[in-house]
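Got your viewer open? Here is a short tour, with a suggestion at each stop for what to select and what to look for there.

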Amino acid sequence: MRTLTLLFSLMVTFPFVLSAQTAGELLQKVSAALSEGQDDYVVSLFRQAIAAGADQTEMYYWTQIEKNSAVAPRLVNELATYYKRKRNYDKAYLFYREFLQYHSEDVPALVSCAEMEMMRGKEKDAVKTYEKVLMLDANNLQANIFLGSYYYLQAEREKKKLEDDYKKITSPTRMQYARYRNGLSDIYSNGYSKAKDYLQRVLQLFPSTEAGNTLEKIRKLEAEIK
């Protein structure tokens with residue numbers, strides 16, 4: 001009797017040990033649910049299958065899911081979300097790009113895609129993606145923060161290089177000084193000015209002390225250049 005009581009206790013406490021299903025078993029249920037048109041159940045099972053075996057589930061998506069079906073984008077989003085959570089940025093990026101094949105103007109997916117591009121060291125790609133985000137949602141806070149910071153830091157690097165090169169000239173001529181001033185003006189127009197626009201939008205959306213401090217630096221530089 002004590003043995004039966006202990007067994008029952010273990011079953012209640014650790015039901016997953018006894019009922020755990022493999023990815024293969026879950027994917028068989030996915031196939032059955034697909035044939036019956038139970039899309040919500042399909043997504044739930046698919047999510048469980050990913051947790052049980054991501055590689056096998058990923059292969060199932062590529063080989064067994066009809067890409068024109070209504071449920072396909074929901075499944076690929078589950079894969080993208082899983083790999084993002086696991087910090088597998090290459091895989092997450094792959095599946096966010098796949099999701100965007102279905103919904104090219106989905107803002108949350110575009111934002112996540114840009115995040116993955118950043119994590120993969122593709123800053124210029126992230127810039128393009130965030131710019132697309134703002135075409136769809138001008139008040140997207142994350143996109144404005146990223147682009148404001150990006151253009152400010154780019155301008156800072158270019159300004160430092162320009163100043164370092166100019167300091168190397170022992171006795172600069174008027175032409176060299178004019179070229180230096182024109183360089184500063186170009187850096188402001190192509191970098192600081194863009195950063196200013198994005199960061200001003202940030203402050204309209206969120207009281208960011210850092211954005212405010214950066215804007216103050218840009219305003220001081222603007223006064224010096226002009």
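Start by selecting tyrosine 61, which is buried, because its relative accessible area of 0% is under the 20% cut-off. Keep in mind as you go that this is a predicted model.

Now add tryptophan 62. Unlike a buried residue, tryptophan 62 is partly exposed, with a relative accessible area of 33%. How are the rings of tyrosine 61 and tryptophan 62 arranged? The structure holds 14 aromatic pairs, and in this one the ring centres are 5.1 Å apart with the planes at 65 degrees, so the pair counts as edge-to-face. For that label, the planes have to be over 60 degrees apart.

Widen the selection to Tyr82, Tyr83 and Phe95: together with Tyr61 and Trp62, they form one aromatic cluster. Then show lysine 67, which lies over the face of tyrosine 61 at 4.7 Å from the ring centre. For another charge over a ring, go to arginine 120, whose charged end sits 4.4 Å from the centre of the tyrosine 93 ring.

Next stop: helix 12, residues 209-225, where you'll find threonine 214. Threonine 214 is buried, with a relative accessible area of 14%. Which residues does threonine 214 touch once its neighbours within four places in sequence are left aside? Those contacts are Tyr152 and Leu199. While you're there, draw a distance from threonine 214 to alanine 195: these two are 19 residues apart along the chain, and their C-alpha atoms are separated by 9.1 Å.

Zoom out and switch to cartoon. The chain has twelve helices and zero strands. Its C-alpha atoms fill a box of roughly 95 × 45 × 35 Å along the principal axes, and the radius of gyration is 27 Å, whereas a compact globule of 226 residues would have one near 17 Å. Buried residues make up 37% of the 226. Of the contacts with a separation of 6 or more, 53% are between residues 24 or more positions apart. If you turn on the surface, the chain exposes about 14,100 Å², with carbon and sulfur atoms supplying 52% of it.

Last, colour by pLDDT. The chain averages 91, and 91% of the residues score at least 70. Select residues 3-8, where pLDDT stays under 50 and the model has zero contacts beyond four places in sequence. Residues 10-18 also stay under 50, and for them the model has two such contacts.

Key
Residues numbered from 1 in each chain as written. Predicted model: local features only at pLDDT ≥ 70, side-chain atom pairs only at ≥ 80, totals over all residues. Heavy atoms only, no water. Phe/Tyr/Trp six-rings, centres within 6.5 Å; stacked < 30°, edge-to-face > 60°. Buried < 20%, exposed > 50% of the residue type's maximum accessible area, 1.4 Å probe, protein only. Lys NZ or Arg CZ within 6 Å of the ring centre and 35° of its normal. pLDDT = per-residue confidence, 0-100. Contact = heavy atoms within 4.5 Å. Helix = DSSP H or I, 4+ residues; strand = E, 2+ residues; numbered from the N terminus. Rg over C-alpha atoms; globule rule 2.2 N^0.38 Å. Areas by Shrake-Rupley, 256 points an atom, 1.4 Å probe, with all protein chains shown as cover.
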